[in-house]
Amino acid sequence: MNFVAIDFETANRNRSSICAIGIAVVKNGKVIRSKHIYVRPIPDYYDAFNTRLHGIGKAHTKDERTFRQLWKELSVYFK
């Protein structure tokens, strides 16, 4: 089985507030590559509930690129 699994974490209740992405590439049933990327969320604020859930806060993402800025790098996983 071949597929790419992608997991998004959000900073707040807005779906656009992606603060982290996890990617796993699976080929013949085995993970052949995995990647974790911090993302500066839009809007750029954290709800306490979300931070408690995943442990990611402003200090992790303040100097990171936005999803839009990362899209060219990430788009290969969506093809």
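Leaving aside neighbours within four places in sequence, which residues is Leu 74 in contact with? I will come back to that after the sheet. One caution before we start: this is a predicted model.

The sheet, then. It is open and has three strands, in the order S1-S2-S3, with antiparallel pairing. S1 covers 3-10 and S3 covers 30-38; these two strands stand at the edges, and each has a single partner strand, so one side of each has no neighbour in the sheet. On average, neighbouring strands are turned by 15 degrees against each other, direction ignored. As general background, strands of a sheet pair through backbone hydrogen bonds, either parallel or antiparallel.

Look at the pairing of S1 with S2, which is residues 18-27. These two strands run antiparallel over eight bridges. One position to mark there is Glu 9, which stands opposite Ala 20 in S2. Helix H3, residues 67-74, packs on the sheet and touches S1, S2 and S3. Between the direction of H3 and that of S3 the angle is about 160 degrees.

Now the core, and the opening question. The largest nonpolar core has nine residues: Ile 18, Ile 21, Ile 23, Val 25, Ile 37, Val 39, Leu 70, Leu 74 and Tyr 77. Two elements, S2 and H3, give two or more residues to this core. S2 gives the most, with four residues. As for Leu 74, beyond its neighbours within four places in sequence, the contacts are with Ile 21, Ile 23, Ile 37 and Phe 67. Another core lies apart from this one; it has five residues, including Ala 11, Cys 19, Tyr 46 and Ile 56. The general expectation is that in soluble globular proteins nonpolar side chains tend to be buried together.

Last item: His 54. Where does His 54 sit? This residue belongs to helix H1, residues 48-54. With its neighbours within four places in sequence left aside, His 54 is in contact with Glu 9, Thr 10 and Cys 19. Glu 9 is the residue we met opposite Ala 20, and Cys 19 was listed in the five-residue core.

What does the side chain of His 54 reach? At 2.8 Å there is the backbone oxygen of Thr 10. At 3.0 Å there is the backbone nitrogen of Ile 56, and Ile 56 is also among the residues of the five-residue core. For a distance across the fold, take Arg 15: His 54 and Arg 15 are 39 residues apart in sequence and 15 Å apart in space, C-alpha to C-alpha.

Conventions
Residues numbered from 1 in each chain as written. Predicted model: local features only at pLDDT ≥ 70, side-chain atom pairs only at ≥ 80, totals over all residues. Heavy atoms only, no water. Pairing = 2+ DSSP bridges. Axes fitted to C-alpha atoms, helices over the stretch in contact; angles between N-to-C directions. Contact = heavy atoms within 4.5 Å. Polar contact = N/O pair within 3.5 Å; in protein donor to acceptor, adjacent residues only side chain to side chain. Core = buried A, V, L, I, M, F, W, Y, C linked by side-chain atoms within 4.5 Å. Buried < 20%, exposed > 50% of the residue type's maximum accessible area, 1.4 Å probe, protein only.
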